[in-house]
Amino acid sequence: MDRLIKTPFIQMLSPTDDIPADALTMAYEKFMNGVVTVCTEQPESIPSFFILTYAHAELMILQQTHEASGVQQDNPVWQHLFKAILGIESALEWVQLHETFDPKIDTEIPSSNNNKSQWTGSMVELVEFAYASLECKSFNHGRITVKDLISDLCECFGCNVKDAYRAFDDIKRRTGDRTIYLDKLKTNLMSKLEQSDREHAQRKRP
């Protein structure tokens, strides 16, 4: 949980210490590289969201300590602390907008599946599709539970969603564009339609 906190950069952020600017910048860059690693690696026991949230809380406390100590905003330590907070906040947004591997949500397609059509998107995308379809009453005129619908979709496409409700919670926690998969469907379909229009227009030319 505290892997980002127990770093040389955090140790340099004391408002009473006089840290060389070069050393501070180097430590900050290593810290941000660690943030990127947390965002992009496959989570083991602790998801990246909680690691980043923990680090963000600790940095905010440090910032309050600096303000209480009268540290000026042109101080290099205060500036690097502020940049680190912005970096963590951006990383949290990135994590919430991108489907990352979660062993409780994402599951590989069984190798023994004989269905001709297999779901090759993420399990979160399947859950997003299922919830949207249910709201549109596209299956059984809406007279079906989301649990049964996802179970039927998984059986049809040869995949498995272990915790659809947790996946939906992940979707709700997104900031900005929350319907990432649905937006991607619309964008790609519109692109296909425009391409088809162009090809049709070219065939009609003498």
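This is a short walk through a predicted model, one selection at a time.

**Stop 1: a surface patch.** Select Met1, Phe50 and Tyr54 and turn on the surface. Together these residues make a nonpolar patch of about 280 Å². Now click on Tyr54, which sits in helix α3, residues 48-68. Is Tyr54 buried, partly exposed or exposed? Its relative accessibility is 32%, so Tyr54 counts as partly exposed.

**Stop 2: along the helix to His56.** Stay in α3, since His56 lies in that helix too. Here the label changes: His56 has 19% relative accessibility and therefore counts as buried, the cut-off for buried being under 20%. Which residues does His56 touch, once its neighbours within four places in sequence are set aside? Show Ile85, Ile88, Glu89 and Leu92, and you have the contacts of His56.

Of these, pick Glu89 and draw a distance line between the side chains. A polar contact of 2.9 Å joins His56 to Glu89 there. For the backbone view, switch to C-alpha atoms: His56 and Glu89 are 7.3 Å apart in space, with their positions 33 residues apart in sequence.

**Stop 3: two backbone angles in a loop.** Move on to the loop that runs between α5 (123-135) and α6 (146-157), and select Lys137. Most residues other than glycine have a negative phi. Lys137, however, has a positive phi, near 55 degrees. As for cover, Lys137 is at 54% relative accessibility, so it counts as exposed.

Keep the loop between α5 and α6 on screen and add His141. What is the phi of His141? His141 also has a value near 55 degrees, positive although the residue is not a glycine. With 59% relative accessibility, His141 counts as exposed. If you have a Ramachandran plot linked to your viewer, highlight Lys137 and His141 there to see the positive phi of Lys137 and that of His141.

**Stop 4: one side of α7.** Finally, select helix α7, residues 164-172, and colour its buried residues: Ala164, Ala167 and Ile171. Why do they fall on the same side of α7? Look down the axis: they cover an arc of only 60 degrees around it, which puts them on the same side. To see what lies over them, bring back α5 and α6, which are among the elements covering the buried residues of α7. That links back to the previous stop, where α5 and α6 were the helices on either side of the loop holding Lys137.

Conventions: Residues numbered from 1 in each chain as written. Predicted model: local features only at pLDDT ≥ 70, side-chain atom pairs only at ≥ 80, totals over all residues. Heavy atoms only, no water. Patch = residues over 30% accessible without salt bridge, like charges linked within 9 Å, V, L, I, M, F, W, Y side chains within 5 Å. Areas by Shrake-Rupley, 256 points an atom, 1.4 Å probe, with all protein chains shown as cover. Salt bridge = Lys/Arg side-chain N within 4 Å of Asp/Glu carboxyl O. Helix = DSSP H or I, 4+ residues; strand = E, 2+ residues; numbered from the N terminus. Buried < 20%, exposed > 50% of the residue type's maximum accessible area, 1.4 Å probe, protein only. Contact = heavy atoms within 4.5 Å. Polar contact = N/O pair within 3.5 Å; in protein donor to acceptor, adjacent residues only side chain to side chain. Arc of directions from axis to C-beta.
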